[in-house]
Amino acid sequence: MSIYDKLAWIQRDLKVPKKHNNDFGGFKYRSCEDILDTIKPICEKYKTTLMITDKPILIGDWHYIEAKVVLFDNEKIDDFVMTTACAREPL
C-alpha cells in the first residue's frame, strides 16, 4: 500500500466530534489534542507516523504561525506526505 493509500484510509477512519464550545463566537470546535488523541491509534493501524511542527514567521507587518505536518510510512521510511499552512494573528 502506498503512502497516499494509507493517507486516504486514515482520512476515511478519522472522525473527531466537535466537543468544545466557543461562547464568544457561538460555535463548536475540535481541539488539536482531540484530533491527535484520535489519530494516534489510526496511525498505528496503518503503520505510519505523524510529525507536526510549527514556527512563528513575520511577513511584512503580519505575524503568522506556519505549521508543517509530515506523515511517514513506517514500512518504507523514504515515503512521506508533507503539507504546510499558515494562520495569521487577528486584526
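Is Lys47 buried, partly exposed or exposed? Lys47 is partly exposed, because its relative accessible area of 43% falls in between the 20% and 50% cut-offs. Keep in mind as you read that this is a predicted model.

**A loop with a twist**

Lys47 makes a good starting point for looking around. You will find Lys47 in the loop between α2 and β3. Its backbone has a positive phi of about 55°, although Lys47 is not a glycine.

**The largest pocket**

Now turn to the open space in the model. The largest pocket holds about 460 Å³ of space. Its lining is made up of 20 residues, and those nearest the centre are Ile39, Leu50, Ile52, Val69 and Thr83. Which helices and strands each supply at least two residues of this lining? They are the helices α1 (3–13) and α2 (32–45), together with the strands β3 (48–59), β4 (62–73) and β5 (80–88). As for the kinds of residue in the lining, 16 are nonpolar, 3 are polar and 1 is charged.

**Comparing accessibility**

The table below puts some residues side by side, so you can look each one up in the structure.

| Residue | Relative accessible area | Class |
|---|---|---|
| Ala85 | 47% | partly exposed |
| Lys47 | 43% | partly exposed |
| Phe80 | 42% | partly exposed |
| Asn21 | 42% | partly exposed |
| Asp34 | 10% | buried |

Why does Asp34 count as buried? Its relative accessibility is 10%, and buried means under 20%, so Asp34 belongs in that class. Asp34 lies in helix α2. Leaving aside neighbours within four places in sequence, Asp34 is in contact with Val16, Lys19 and His20.

**Three strand residues and their contacts**

Let us visit three strands in turn. Asn21 belongs to strand β1, which covers residues 20–22. Not counting neighbours within four places in sequence, Asn21 is in contact with Phe27, Lys28 and Tyr29. How many Å separate the C-alpha atoms of Asn21 and Met82? The separation is 30 Å, and these two residues are 61 residues apart along the chain.

Ile57 has its place in strand β3. Once neighbours within four places in sequence are set aside, Ile57 is in contact with Trp62, His63, Tyr64, Glu66 and Cys86. The C-alpha atoms of Ile57 and His20 are separated by 28 Å, with the two residues 37 residues apart along the chain.

Ala85 sits in strand β5. Residues up to four places away in sequence aside, Ala85 touches Ile65, Glu66 and Ala67. Glu66 is thus a contact of Ala85 and also a contact of Ile57. From Ala85 to Leu36, the C-alpha separation is 17 Å, and these residues are 49 residues apart along the chain.

**Rings and a charge**

Finally, have a look at the aromatic rings. The structure holds 2 aromatic pairs. One of them is formed by Phe72 and Phe80, with 5.9 Å from centre to centre and 45° between the planes. Why is this pair called tilted? Planes under 30 degrees apart count as stacked and those over 60 as edge-to-face, so the 45° of Phe72 and Phe80 makes their pair tilted.

Another ring to find is that of Trp62, which is also one of the contacts of Ile57. What sits over the ring of Trp62? The charged end of Arg88 does, at 3.9 Å from the centre of the ring.

Technical notes: Residues are numbered from 1 along each chain as its sequence is written. This is a predicted model: local features need pLDDT of at least 70, side-chain atom pairs count only at pLDDT 80 or more; totals for chains, interfaces and linings use all residues. Side-chain values use heavy atoms; hydrogens and water are left out. On a 1 Å grid over the protein atoms alone, a cavity is a set of points where a 1.4 Å probe fits but cannot get out, and a pocket is an open set with protein on both sides within 12 Å along at least five of seven lines; lining residues have an atom within 4 Å of a point. Grid points are joined across faces, edges and corners, and a volume is the space filled by probe spheres set on the points. Helices (H or I, at least four residues) and strands (E, at least two) are DSSP runs, numbered from the N terminus. Ala, Val, Leu, Ile, Met, Phe, Trp, Tyr, Cys and Pro count as nonpolar, Asp, Glu, Lys and Arg as charged, and the others, Gly among them, as polar. Buried means under 20% relative accessible area, exposed over 50%, partly exposed in between (1.4 Å probe, protein chains only). Contact means heavy atoms within 4.5 Å. Rings of Phe, Tyr and Trp (its six-membered ring) pair if their centres lie within 6.5 Å; planes under 30 degrees apart count as stacked, over 60 as edge-to-face and the rest as tilted. A charge sits over a ring if NZ of Lys or CZ of Arg is within 6 Å of the ring centre and within 35 degrees of the ring normal.
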